[in-house]
Amino acid sequence: MAQTRALVVAALLAAVLAAAASAAPGDPKLRHTPAGEVAAAKVLVRRADLGKGWKATPAPPASTGSSVCKGLRPNLSDLVERGRAIAPTFTLGQLATVTQSVRVFATRAQAATAWQRTDSLDLVLCLERQLRSATFAKATVKPVGRFRLDLGRPTAHTDGLRVVAAVSPTDEAPFRVYADVLVLGRGTTLTTVTFLGFVQPVNDALERRIARTLAQRLGAKSSLVG
């Protein structure tokens, strides 16, 4: 893959990871417990879930840096978080990446509230802003469309959205980036998974399979997290 395109891939991935890992006003109150941490980790995507060719790198540390999604992140400050986990970053060469975060809340009612506040237009606007923030001297990134994904109903709280962006490098042919975000919730747990596809979308069948796999893990019995 040409050098400019590789730089764009890196910039897009950095924008997504920064928004996922950074702490920000509106985050829930942190009251982590061992059981809550275990419950969050159980839901993480594993390399074996994705198939051949995928590689994993450690998740970035949380930071308090400014987020490109400032003002769009859901206000969860009245809720209590019992556990949190961030998956490694999975890459398929320079064709696709997968990132994921998991939160476990104190009660089912709080998790349902978090779902309602997360699954909104702000989620799409945040994705668009993340993509646009990857613009730099050698390439312009411009969101050009948004769509809802068909994931079936592996959980009552399941949704999937796609944002498409046109990338115009200064010295190469233009191409498109497809940012898909899946949000799944069950019980006290809520997880968000982001797929970035470069040139073409991540395979729909893979996304549906991951949604079903995570739904099974969300439904697995575990200790109380309170």
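**Figure 1. Helix α6 and its length in the predicted model.** The model shown is predicted. Helix α6 covers residues 204-218, which is 15 residues in total. At 1.5 Å a residue, this helix should span 21 Å, and its end C-alpha atoms are 21 Å apart, so the expected and computed values agree. At the N-terminal end of α6, Asn203 acts as a cap. A side-chain oxygen of Asn203 lies 2.8 Å from the backbone nitrogen of Ala205.

**Figure 2. The buried residues of helix α6 and their surroundings.** Which residues of α6 are buried? They are Leu206, Glu207, Ile210, Ala211, Thr213, Leu214, Ala215, Arg217 and Leu218. An α-helix has 3.6 residues a turn, so residues three or four places apart point the same way. The elements against which the buried residues of α6 pack are α3 (47-50) and the strands β5 (96-105), β7 (157-169), β8 (175-186) and β9 (189-198).

**Figure 3. The nonpolar cores.** In soluble globular proteins, nonpolar side chains tend to be buried together. In this model, the largest nonpolar core has 29 residues. Those with the most contacts inside this core are Leu12, Phe105, Leu131, Val141, Val167, Val177 and Leu196. At least two residues of the core are supplied by each of the helices α1 (3-21), α4 (108-118) and α5 (121-132), and likewise by each of the strands β6 (139-148), β7, β8 and β9. Strand β8 gives the largest share, five residues. Another core, of 26 residues, lies apart from this one and includes Ala40, Leu44, Leu50 and Trp54.

**Figure 4. The chain as a whole, as a setting for the close-up views.** The chain holds six helices and nine strands. Of its 226 residues, 50% are buried. Among contacts between residues at least 6 apart in sequence, 72% join residues at least 24 apart. The accessible surface of the chain comes to about 10,700 Å², and carbon and sulfur atoms account for 55% of this surface.

**Figure 5. Thr158 in strand β7.** Thr158 is found in strand β7. Is Thr158 buried or exposed? The limit for a buried residue is under 20% relative accessible area. Thr158 has 7% relative accessibility and therefore counts as buried. The side chain of Thr158 makes a polar contact of 2.6 Å with the side chain of Thr155. Beyond its neighbours within four places in sequence, Thr158 is in contact with Trp115, Leu151, Gly152, Arg153, Val183 and Leu184.

**Figure 6. Thr194 in strand β9.** Strand β9 contains Thr194, which counts as buried at 11% relative accessibility. Thr194 and Gln100 are 94 residues apart along the chain, while their C-alpha atoms are separated by 6.2 Å. When neighbours within four places in sequence are left aside, the residues in contact with Thr194 are Val16, Thr97, Val98, Thr99, Asp180 and Val181.

**Figure 7. The salt bridge between Glu81 and Arg103.** Side chains of opposite charge can pair when their charged atoms come close. A search of the whole structure finds nine salt bridges. One of them joins the side chains of Glu81 and Arg103, at 2.5 Å from N to O. Glu81 lies in strand β3 (residues 80-86) and Arg103 in strand β5, so this pair ties together parts that are 22 residues apart in sequence. Both residues, Glu81 and Arg103, are buried.

**Figure 8. The salt bridge between Arg146 and Glu128.** The side chains of Arg146 and Glu128 meet in a salt bridge of 2.9 Å, N to O. Because Arg146 lies in strand β6 and Glu128 in helix α5, the pair ties together parts that are 18 residues apart in sequence. Arg146 is partly exposed, with a relative accessible area of 42%, whereas Glu128, at 11% relative accessibility, counts as buried.

**Figure 9. The salt bridge between Asp180 and Arg162, and a salt-bridge network.** In the salt bridge of Asp180 with Arg162, the closest N and O atoms are 2.7 Å apart. Asp180 belongs to strand β8 and Arg162 to strand β7, and the pair links distant parts of the chain, 18 residues apart. Asp180 and Arg162 are both buried. Elsewhere, Asp27, Arg73, Glu81 and Arg103 are joined into one network by salt bridges that share partners.

Definitions and conventions. Residues numbered from 1 in each chain as written. Predicted model: local features only at pLDDT ≥ 70, side-chain atom pairs only at ≥ 80, totals over all residues. Heavy atoms only, no water. Helix = DSSP H or I, 4+ residues; strand = E, 2+ residues; numbered from the N terminus. Expected span 1.5 Å × (residues − 1). Buried < 20%, exposed > 50% of the residue type's maximum accessible area, 1.4 Å probe, protein only. Contact = heavy atoms within 4.5 Å. Polar contact = N/O pair within 3.5 Å; in protein donor to acceptor, adjacent residues only side chain to side chain. Core = buried A, V, L, I, M, F, W, Y, C linked by side-chain atoms within 4.5 Å. Areas by Shrake-Rupley, 256 points an atom, 1.4 Å probe, with all protein chains shown as cover. Salt bridge = Lys/Arg side-chain N within 4 Å of Asp/Glu carboxyl O.
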